[in-house]
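Biologist: I'm new to this, so can I quiz you on how you arrive at the words you use?
Modeller: Sure, let's bring it up and take it step by step.

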Amino acid sequence: MIDASLMACPPSRWTRRPSTPEGRWARLGPYYAMFPLEFAEDAILGFTEPGQLIVDPFCGRGTVPYVAMVTGRASIACDINPVAWVYAMTKTSPASDLGVLLERVGEVQGAIVAGDEVAENDFQSLAFCPAVLAYINSARRVLKWRTNAIDRCVAAFLVHYLHSKLGEGLSNQMRHSKAMSPKYCVQWWRKHGLTAAPLLDPVEFLKAKIRWRYAKGLPQQTETRAIDIGLGDAAAALPASSQQAELVVTSPPYSGITDYRTDSWLRLWALGEGPSLPTWHTQQKYVHLENYTAMVRRAFAATNEICTADCTWLVRSDARPRTRNVLESLLLEIAGERGVYALSAPFSSATQTALYGDTSPKPGEIDLLIPPADKCRIPAGFEPIDQR
């Protein structure tokens, strides 16, 4: 993590406590392999001034555009995962009329038809009670989350609470941030005697969660709400801008590690964006280095087109050579004479992968920096990559 106290006169931090609207809305959207709020905050406060533009072409659940918004910056962002996009759009532009939102939650219930409650497979029969399954199937059919802000907000809450610990979500006992294999879940539930999903009223459950999220108000908005988030491959879907960016903060997917379709398969299904059981394809993990390099190169090129000539870039990478070497090479092409600096970011505690059974040693991550024009603002600890 970058220590913002080492940078040039960072402004006061916003408050991340859940007792504030900014802190409460920041946590909307469980997401696997997300970087912490502090990483985005330190970079944004340390390298930009209010009103300047920040870009994240791999924005995940929207941490960078959200922090930009609540600290008075503009932001352009993008993600290829519909689940991530729904989270990011809802956090940066939540429905302002709580009454209309709650009414829409009830309308989804009213659109249920015969057969919506029927499970397609063993996983569904053990994961959700009939009332919840019927609600999800209705939502998949009626919510126009791509084009309607109210529907998008309903969808965001639905997928946020789709699976979690017993009592905290709409499902039988499950992990919160990542959907596990259906076969594994069924075996685990039966082994532990969880052979019936919890009986829930989905409308009352979701309304209670929504009321809690709104209880402290809405997050601070910039006056013009200059936040624009695209859905799709950043090479084509990154929004255009008449303003040039002063900072890029991002973390591309790591080659050969994970992919959004596997991690989010259940939430993608709930959005109507995937099948009721996952399909496993190794190409989703970017295991082919030439394809991975080409994908990141295109995204970085599209990003660079809307940046100032001396735009600062901060990219969090896997420390393993497979990903790091690709990102270092591409950033060196962009940096020119400014060069690229690096700071090791070792894991200080158990990683998310350990929660899912992978307890092998991890080398941690590494932060790669194309520095600002004033190199006196390079944070302590960063070294030119050819001197490490």
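Modeller: This is a predicted model. Let's start with one residue: the side chain of Thr-308 reaches the backbone nitrogen of Cys-311 at 3.2 Å.

Biologist: What makes the pair Thr-308 and Cys-311 a polar contact?

Modeller: The cut-off for such a pair of N or O atoms is 3.5 Å, and the distance here is 3.2 Å. So the pair counts as a polar contact.

Biologist: Why is Thr-308 called buried?

Modeller: Buried means under 20% relative accessible area. Thr-308 has 11% relative accessibility, so it counts as buried.

Biologist: Where is Thr-308 found, and which residues is it in contact with, leaving aside neighbours within four places in sequence?

Modeller: Thr-308 sits in strand β5. With those neighbours left aside, it has contacts with Gln-244, Ala-245 and Glu-246.

Biologist: What is the order of the strands in the sheet?

Modeller: The eight strands run β3-β2-β1-β4-β5-β7-β6-β8, in an open sheet with mixed pairing. β3 (227–231) and β8 (383–384) each have a single partner strand, so they stand at the edges, with one side lacking a neighbour in the sheet.

Biologist: How do you know that β6 and β8 pair?

Modeller: Pairing takes at least two bridges, and two bridges join β6 (residues 341–345) to β8. So they count as paired, and they run antiparallel. Tyr-341 stands opposite Pro-384 in β8.

Biologist: Which helix packs on the sheet, touching β1, β2, β3 and β4?

Modeller: That's α3 (residues 63–70), whose direction makes about 165° with that of β2.

Technical notes:
Residues numbered from 1 in each chain as written. Predicted model: local features only at pLDDT ≥ 70, side-chain atom pairs only at ≥ 80, totals over all residues. Heavy atoms only, no water. Helix = DSSP H or I, 4+ residues; strand = E, 2+ residues; numbered from the N terminus. Contact = heavy atoms within 4.5 Å. Axes fitted to C-alpha atoms, helices over the stretch in contact; angles between N-to-C directions. Buried < 20%, exposed > 50% of the residue type's maximum accessible area, 1.4 Å probe, protein only. Polar contact = N/O pair within 3.5 Å; in protein donor to acceptor, adjacent residues only side chain to side chain.
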